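The following exercises concern the open and enclosed spaces of a protein model and the packing of its helices. Each task is followed by a solution in steps.

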Amino acid sequence: MTLPKVAGGQATRDQFLPFSAPWLEEEEIEAVTSVLRSDWLTTGHRTLEFEEQFSRYIEIPYSLAFNSCTGGLHTALAALEIGPDDEVITSVFTFAATANVICHQGAKPVLVDIDPQTLNLDANLIESKITKHTKAIIPVHYGGRPCQMDRILQIANAYRLHIVEDAAHALGAEWQGVKIGRLASDCTCFSFYPTKNITTGEGGMNTTSSMELAQSMKVWRLHGINRDAWNRYLEGGSWYYEVVKPGFKYNLTDIASAIGLVQLSKTEFFQKRRETRVQQYWKALGSLPIDLPPPFAEGRHAWHLFPVQLKLEDLRVGRDEFMEALRLENIGTSVHFIPLYRMPYYRDRFGLQPDDFPVAEHVFQKLLSLPLFARMTEEDLDSVVRAVKKLVEWFGR
Ligand SMILES: *Cc1c(COP(=O)(O)O)cnc(C)c1O
C-alpha cells in the first residue's frame, strides 16, 4: 500500500526532521580551519592529542584513532591473528561492517539471534555456537545499550576466546559502573560517523589495556610499518622505516581529530541531552500501541538510538507504511537493522534463513528508530510525538 498523501491533509511539521543529525559549532569549524592553515593535515599532533584525551575519558592506557570504526574492527581482528578457518561469533542484528571485517580476514562470521527485550545478541545462545574453530566474540552494544558483559566475559574466559566490542553506538555507556571501552575485553571499537553520538565526519577509536595489542594494531593501521612513521617528514624525523606486515591505510587525519577533540569535550553534555529526550519519549508515548525500549538498570545507556516496535495487531498498516506516513509528516526514521540473513551476500554465502533467527525476524517486521540526537529540541520531540499519535489513531483498528 502506498500513501498518496498526508494523513488528514496537513503535515505535522513544515520542515523535515531527520532521524539523526550532527551538532557542530563555530568551535569545531575554527579547530579545522587552524589545521588547514598549518602545514600538517594528516595524522600528527592533533591525532596524538585526540588519542590521549580519549584515553583520559575512558580511563584506559591505549587509544588508537582510525579513519572509521570499520577500519578499527578490521585492524583489531588482524592484530589478534584471526584468519582463514577461524570463526567469530557476533549478533545478526548489526550493521554489515561488523560481519564484513570478519570476512575480510577470511574467517567465518557465526551469527547469533537476539534477546527480544534488549535487541542485543542473546548471551544464552553463544555457547551453542562455539566450535573448535571459534576464536573470538564481537558483542555489539545495540543502540548504546551494553550487552550482558559479565556473561560474555565469563564465556570468553572459559573457552579462551578473544573479545572485540563493537561500541559504535556506545560512547558514554557504562556496564555496572565501568565505562564501555575499559572492560576486560581485548579491544573496544568506537565510531565517529556523522550519525553517531560524537562525530569527526568519518572516524573511529580503538581502546585496549594491552600494550602488545596496541603496538600490533599501530603496525597494522599504517602500512605495516614497525614504528611511528607519521613524523618522517618532520624536522628531526627519520626517513628510514621497515614494513613488517602487509598493513592497512586506516589512519585518522589531523583535520578529523581537530573536530574530534572538540566533540569529545561535549560527550557528557550530548549524553544528558539524549537522556532528557528519552525521558520525554517514555512519558509521551507510554500509553500508545507501541513497545518502547526498556530502561537500563545495570549501568548507563548511551541512547544512540530510540528503537520502537509497533504493535501490528492494533494497526491496519505495516511498519513500512507507518514509516512512509511519518515521512509525509516530515519526520525522518530509520530501521536498525536489516538483519544480516536478509542481506544477499550473507544469505547466499552461509545459507542463512529467517527461520534460523526467529526473534530477529519477528522484531524486524515491526521495528523503527524514531529521531534521537543531541541537537534535537523539545519542540522537535513534541512534533514527533504528535505525528506518532496522529498516525496511531489514523491507522488504528
Ligand atoms: C556505524 C557502525 C559501524 C561502522 O562504523 P564506521 O565508523 O562507519 O565504520 C560498525 N558497527 C555498527 C553497529 C555501526 O552502527
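**Exercise 1.** Determine how the lining of the second largest pocket divides by residue class, and which elements contribute to that lining.

*Solution.* Step 1. In this predicted model, the lining of the second largest pocket consists of 10 nonpolar, seven polar and five charged residues.
Step 2. The lining comprises 22 residues; Leu 80, His 162, Asp 186, Ser 210 and Leu 213 are the ones nearest the centre of the pocket.
Step 3. Two or more lining residues come from each of α3, α6 (149–159), β5 (162–166) and α7 (211–221).
Step 4. Of the elements, α7 gives the most, with four residues.
Step 5. The space in the second largest pocket amounts to about 340 Å³.

**Exercise 2.** Describe the largest pocket, and establish where it lies with respect to domain 1 and domain 2.

*Solution.* Step 1. The volume of the largest pocket is about 450 Å³.
Step 2. Its lining is made up of 24 residues, and those closest to the centre are Phe 95, Tyr 193, Thr 195, Lys 196 and Phe 337.
Step 3. At least two lining residues are supplied by α3 (69–79), and likewise by α4 (96–104). The largest share, three residues, is that of α3.
Step 4. By class, 10 of the lining residues are nonpolar, 11 are polar and three are charged.
Step 5. Residues of the lining come from both domain 1 (4–22 + 267–395) and domain 2 (26–265), so the largest pocket lies between the two domains.

**Exercise 3.** Identify the peptide bond that joins His 336 and Phe 337, and locate Phe 337 in the chain.

*Solution.* Step 1. The bond between His 336 and Phe 337 is a cis peptide bond, with omega of about 5°.
Step 2. Phe 337 belongs to the loop between α10 (319–328) and α11 (344–350).
Step 3. Phe 337 is also among the residues closest to the centre of the largest pocket.

**Exercise 4.** State how many cavities of 30 Å³ or more the structure holds, and place the second largest of them relative to the domains.

*Solution.* Step 1. There are two cavities of 30 Å³ or more.
Step 2. The second largest cavity contains about 70 Å³ of space. It is lined by 15 residues, of which Ala 21, Pro 22, Trp 23, Lys 196 and Asn 197 are the closest to its centre.
Step 3. Eight of the lining residues are nonpolar, four are polar and three are charged.
Step 4. Because domain 1 and domain 2 both give residues to this lining, the second largest cavity lies between them.

**Exercise 5.** Classify the packing of α9 with α13 and of α2 with α8 as roughly parallel or roughly antiparallel.

*Solution.* Step 1. The axes of α9 (residues 267–285) and α13 (residues 378–394) come within 11 Å and cross at roughly 30°.
Step 2. An angle under 35 degrees counts as roughly parallel, so α9 is roughly parallel to α13. The crossing of α9 past α13 is right-handed.
Step 3. For α2 (residues 45–58) and α8 (residues 254–264), the axes are 8 Å apart and the packing angle is about 30°.
Step 4. Therefore α2 and α8 are also roughly parallel to each other. The crossing of α2 past α8 is left-handed.

**Exercise 6.** Give the sign of the phi angle of Gln 176 and its location.

*Solution.* Step 1. Although Gln 176 is not a glycine, its phi is positive, at about 50°.
Step 2. Gln 176 is situated in the loop between β6 (174–175) and β7 (178–179).

Terms used: Residues are numbered from 1 along each chain as its sequence is written. This is a predicted model: local features need pLDDT of at least 70, side-chain atom pairs count only at pLDDT 80 or more; totals for chains, interfaces and linings use all residues. Side-chain values use heavy atoms; hydrogens and water are left out. On a 1 Å grid over the protein atoms alone, a cavity is a set of points where a 1.4 Å probe fits but cannot get out, and a pocket is an open set with protein on both sides within 12 Å along at least five of seven lines; lining residues have an atom within 4 Å of a point. Grid points are joined across faces, edges and corners, and a volume is the space filled by probe spheres set on the points. Ala, Val, Leu, Ile, Met, Phe, Trp, Tyr, Cys and Pro count as nonpolar, Asp, Glu, Lys and Arg as charged, and the others, Gly among them, as polar. Domain bounds come from an automatic or database domain assignment. Axes are lines fitted to C-alpha atoms, for helices over the stretch in contact, and angles run from 0 to 180 degrees between N-to-C directions. Angles under 35 degrees count as roughly parallel, over 145 as roughly antiparallel, 65 to 115 as roughly perpendicular and the rest as oblique. A crossing is left-handed if the near helix is turned anticlockwise from the far one by less than a right angle, and right-handed if clockwise.
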